[in-house]
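Colleague: Please take a close look at the covalent cross-linking in this model. Then carry on from there to whatever else deserves attention.

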Amino acid sequence: MRLLAVETSCDDSAVALLDEQGNALAELVYTQSVHGGHGGVVPEIASRLHMTVLPGLIREVLERSGTSLDSIDVFAATAGPGLTGSLLVGLSWTKAAAFALEKPFLGINHLSAHLHIHHNSSVEFPAVALLASGGHTMIFHMTSWQKCVLLGTTRDDAAGEAFDKTAKLMGLGYPGGRIIDELAEKGDSESIPLPHPLGNKRLPEFSFSGLKTAVRLVWEKGGVSEKDLSASFRKTVCDLLVSKTMYQAGKLNARSVLVAGGVSANSLLRSAFQLEGEKRNINIFLPPSKHAMDNAVMVGRAALSALEADPSARSSASCNAFSRWHGKMLSPLSC
Ligand code: KG4
Ligand code: ZN
């Protein structure tokens, strides 16, 4: 079985060809670096670049894996949440290909896809999952891949957004997560006291906008180094993410903790989760850094998970792009 997966929810165009075990036979990600010059993603530029880049990426993935388009058995694409214009590019291409070749099409939820990067690992349930990306910060309780319940989310900014805005404030560039992470390695995380908004670990909700303001006030006052401020900020965000996730894991007797989304590439977050997992004897699942960020392998694995639960799972040709996800139960299939 060959599954072609496409992801265009934001500023990464990604394509992957998977076998039925979820192994990537070939995958490519094109990251739109042009947005760096604008200090954030410009939606119209993102959509146009997806249109320019996507057909070539698909051709290249098929060539690399020695597969022809008409031998694909299943097509999957992210339907949302994300930037509507960007989503429509990947979604329309994939629906059209599936329709023309009379093959099944599955419209995938981007949030569920991030968690499904771990689908071909030995995850045991019950599990608690943290999704921390540029657009989302959420904790889920999972009793199976299909039964995933939202415990809490952020009341304002997402964790990745807080990294990006803090980097922008210090004039470090975009996206800022990786830059702050690298600077923080050389700084003193205890040097600048910062608030821990909604710091009660029992509350599975987050708030990062007050922290962002606190960083701005410290920065504007002057006299602090970028390295120390980066280190103090990174430590504060990681403490909040790790303590709240691990509290829920303990409370719900989780056998596994899944971490996903761009922020899961953060080096301190990774080591802090690993340490907590060892202390409490809970398996921690961290994606390889390239699969923390948006990619199409996770979309393909979410589609395989939906088919595993129901081999007749399909999305209709009217499956449309959507910008936000409102709900409690998260499913891989979005329409
Ligand atoms: O999952 P992702 O690729 O896209 C969304 O769905 O949002 O996540 C991108 C986010 C950006 O905010 C970026 O700054 C952040 O992930 N990020 C990091 C690191 N690498 C990427 N944040 C903290 N530390 C990192 N090393
Ligand atoms: Zn994402």
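**Cysteines, ligand and local backbone**

Modeller: The count comes to 1 disulfide, taking sulfur atoms within 2.5 Å as the rule. Keep in mind that this is a predicted model. The bond joins Cys-319 and Cys-335, with 1.8 Å between the two sulfur atoms. The two cysteines sit 16 residues apart, and the pair is classed as linking distant parts of the chain. Both Cys-319 and Cys-335 fall in the segment after α10 (297–309).

The two ends of the bond have their own surroundings. Cys-319 is buried, because its relative accessibility is 2% and the limit for buried is under 20%. Cys-335 has 35% relative accessibility, so it counts as partly exposed.

What keeps Cys-10 out of a bond? Distance does. The closest cysteine sulfur to that of Cys-10 belongs to Cys-319 and is 19 Å away, too far for a bond. Cys-10 is partly exposed, at 23% relative accessible area. Cys-238 is buried, with a relative accessibility of 2%.

Now the ligand. Where does ligand 1 lie with respect to the domains? Domain 1 covers 3–115 + 292–330, and domain 2 covers 124–288. Both give residues to the shell around ligand 1, so the ligand lies between them. There are 21 residues around ligand 1. Those that come nearest are Gly-134, Asp-164, Gly-262, Asn-266 and Asp-294. By type, the shell divides into 6 nonpolar, 11 polar and 4 charged residues.

Some contacts can be given atom by atom. His-114 places a polar side-chain atom 3.2 Å from an oxygen atom of ligand 1. Gly-134 uses its backbone instead: an N or O atom there lies 2.8 Å from a ligand oxygen. Gly-160 also works through a backbone N or O atom, at 3.2 Å from an oxygen of ligand 1. On its own, ligand 1 would expose 560 Å², and the protein buries 90% of that. Three helices each give two or more residues to the shell: α3 (110–115), α4 (159–169) and α5 (177–184).

Next, two loop residues that are buried. Thr-8 sits in the loop between β1 (3–7) and β2 (12–18). Its relative accessible area is 1%, so Thr-8 counts as buried. Thr-8 and Phe-99 are 91 residues apart in sequence, with C-alpha atoms 19 Å apart in space.

Asn-295 belongs to the loop between α9 (289–292) and α10. How buried or exposed is Asn-295? Its relative accessible area is 0%, so Asn-295 is buried. The Asn-295 side chain makes polar contacts to backbone atoms. It reaches the backbone oxygen of Met-293 at 2.8 Å. It also reaches the backbone nitrogen of Met-298, at 2.9 Å.

At the start of the chain, Met-1 lies in the segment before β1. Met-1 is partly exposed, with a relative accessible area of 33%. Its C-alpha is 51 Å from that of Val-215, and 214 residues separate the two along the chain.

Last, the backbone geometry. Most peptide bonds are trans, and most residues other than glycine have a negative phi. Which peptide bonds are cis here? One joins Phe-125 and Pro-126, with omega about 5 degrees. Pro-126 is in the loop between α3 and β6 (127–132). Another runs from Tyr-174 to Pro-175, where omega is near -10 degrees. Pro-175 lies in the loop between α4 and α5.

Then there are asparagines with positive phi. Asn-253 has a phi of about 50 degrees although it is not a glycine. Asn-253 occupies the loop between α7 (226–251) and β9 (256–260). Its relative accessible area is 60%, so Asn-253 is exposed. Asn-281 has a phi near 60 degrees, again positive in a residue other than glycine. The loop that holds Asn-281 lies between α8 (267–280) and β10 (283–285). At 73% relative accessible area, Asn-281 is exposed, because the limit is over 50%.

To return to your request: the cross-link is Cys-319 to Cys-335, with Cys-319 buried and Cys-335 partly exposed.

How values were computed:
Residues are numbered from 1 along each chain as its sequence is written. Chains are lettered from A and ligands numbered from 1 in the order in which they are written. This is a predicted model: local features need pLDDT of at least 70, side-chain atom pairs count only at pLDDT 80 or more; totals for chains, interfaces and linings use all residues. Side-chain values use heavy atoms; hydrogens and water are left out. A residue is near a molecule or strand if one of its heavy atoms lies within 4 Å of it. A polar contact is a pair of N or O atoms within 3.5 Å; within protein, one must be able to donate a hydrogen and the other to accept it, and residues adjacent in sequence count only if both atoms are side-chain atoms. Accessible areas come from the Shrake-Rupley method with a 1.4 Å probe; for residues, only the protein chains shown count as cover. Helices (H or I, at least four residues) and strands (E, at least two) are DSSP runs, numbered from the N terminus. Ala, Val, Leu, Ile, Met, Phe, Trp, Tyr, Cys and Pro count as nonpolar, Asp, Glu, Lys and Arg as charged, and the others, Gly among them, as polar. Domain bounds come from an automatic or database domain assignment. Buried means under 20% relative accessible area, exposed over 50%, partly exposed in between (1.4 Å probe, protein chains only).
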